[in-house]
Amino acid sequence: MPRLSRWMVRAAFLHLAYGFLFGGLMLLHKAWPLHPRAMALLPWHIHAMLIGWTVQFTFGVAFWIFPRFALERPGDPRGRSGLAWAAFGLLNAGVVLAGASVWIPLPAAAGLPFLGAALEAAGVAAFLIHLWPRIRPAGMGSP
């Protein structure tokens, strides 16, 4: 498994862990009130589980499993992997920014949810640009 795939899968499991933690805290808060702002964890929970866990895990496996350019690009058989690394950074920064913005005082965090979502979208776009040349019809495989 390539190094980027390992990093993406590990980060995805980290997002899964704290997404479960935040979801559990919110469920616990419904039964026994913990803190007045406990339900403010919901946006972070949503971003962690949908983008941080699901999308990033999928990207990590896709980077590893999609066909490689064995003969066409011997130096970088997986194509423009710089874009995939950028997607890794953008996705994680977007999840943290969009989630943590609810805990930052309001005037300072006015645009942070939008910025976090924009970083996530840029990460998805960067990964799709990286992956697009590796999509081939069935039966063609690596040359």
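# Legends for the close-up views

**View A: Leu-25 sits in helix 1 and belongs to a nonpolar surface patch.** Helices here are DSSP runs of H or I with at least four residues, strands are E runs of at least two, and both are numbered from the N terminus. This is a predicted model, so local features need pLDDT of at least 70 and side-chain atom pairs count only at pLDDT 80 or more, while totals for chains, interfaces and linings use all residues. Residues are numbered from 1 along each chain as its sequence is written, and side-chain values use heavy atoms, with hydrogens and water left out.

Leu-25 counts as partly exposed because its relative accessibility is 32% (buried means under 20% relative accessible area, exposed over 50%, partly exposed in between, with a 1.4 Å probe and protein chains only). Its partners in the patch are Leu-21, Leu-28, Trp-32 and Leu-34. Together the five offer about 490 Å² of accessible area (Shrake-Rupley method, 1.4 Å probe; for residues, only the protein chains shown count as cover). To join a patch, a residue needs over 30% relative accessible area and no salt bridge; like charges are joined within 9 Å, and nonpolar side chains (Val, Leu, Ile, Met, Phe, Trp, Tyr) within 5 Å. A salt bridge puts a side-chain nitrogen of Lys or Arg within 4 Å of a carboxyl oxygen of Asp or Glu.

**View B: His-29, also found in helix 1, is tucked out of reach of the probe far enough to count as buried.** Its relative accessible area is 15%, so it makes the buried class. Skip residues up to four places away in sequence, and His-29 touches Leu-34, His-35, Ala-38 and Met-39 (a contact is heavy atoms within 4.5 Å). Leu-34 turns up in the nonpolar patch of View A as well.

**View C: Phe-13 and Trp-53 make a tilted ring pair.** A search of the whole structure finds 8 aromatic pairs (rings of Phe, Tyr and Trp, the last by its six-membered ring, with centres within 6.5 Å; planes under 30 degrees apart are stacked, over 60 edge-to-face, the rest tilted). In this one the ring centres are 5.2 Å apart and the planes meet at 45 degrees, so the pair is tilted. The pair links distant parts of the chain, with Phe-13 in helix 1 and Trp-53 in helix 2, 40 residues apart. Ring pairs also bring in Phe-57, giving a cluster of Phe-13, Trp-53 and Phe-57. Phe-13 is partly exposed at 43% relative accessible area, and Trp-53 is partly exposed too, at 22%. Leu-14, in helix 1, has its C-alpha 7.9 Å from that of Trp-53, although 39 residues separate the two in sequence. Leu-14 counts as exposed, at 55% relative accessibility.

**View D: Phe-59 is among the best-connected members of the largest nonpolar core.** Such a core is a set of buried Ala, Val, Leu, Ile, Met, Phe, Trp, Tyr and Cys residues joined through side-chain atoms within 4.5 Å. This one has 23 residues, and Leu-4, Met-8, Tyr-18, Phe-59 and Phe-127 touch the most other members. Helix 1 (3–31), helix 2 (42–65), helix 3 (81–100) and helix 4 (112–131) each supply at least two residues. Helix 2 gives the most, with 7 residues. Setting aside neighbours within four places in sequence, Phe-59 is in contact with Met-8, Leu-91, Gly-123, Val-124 and Phe-127.
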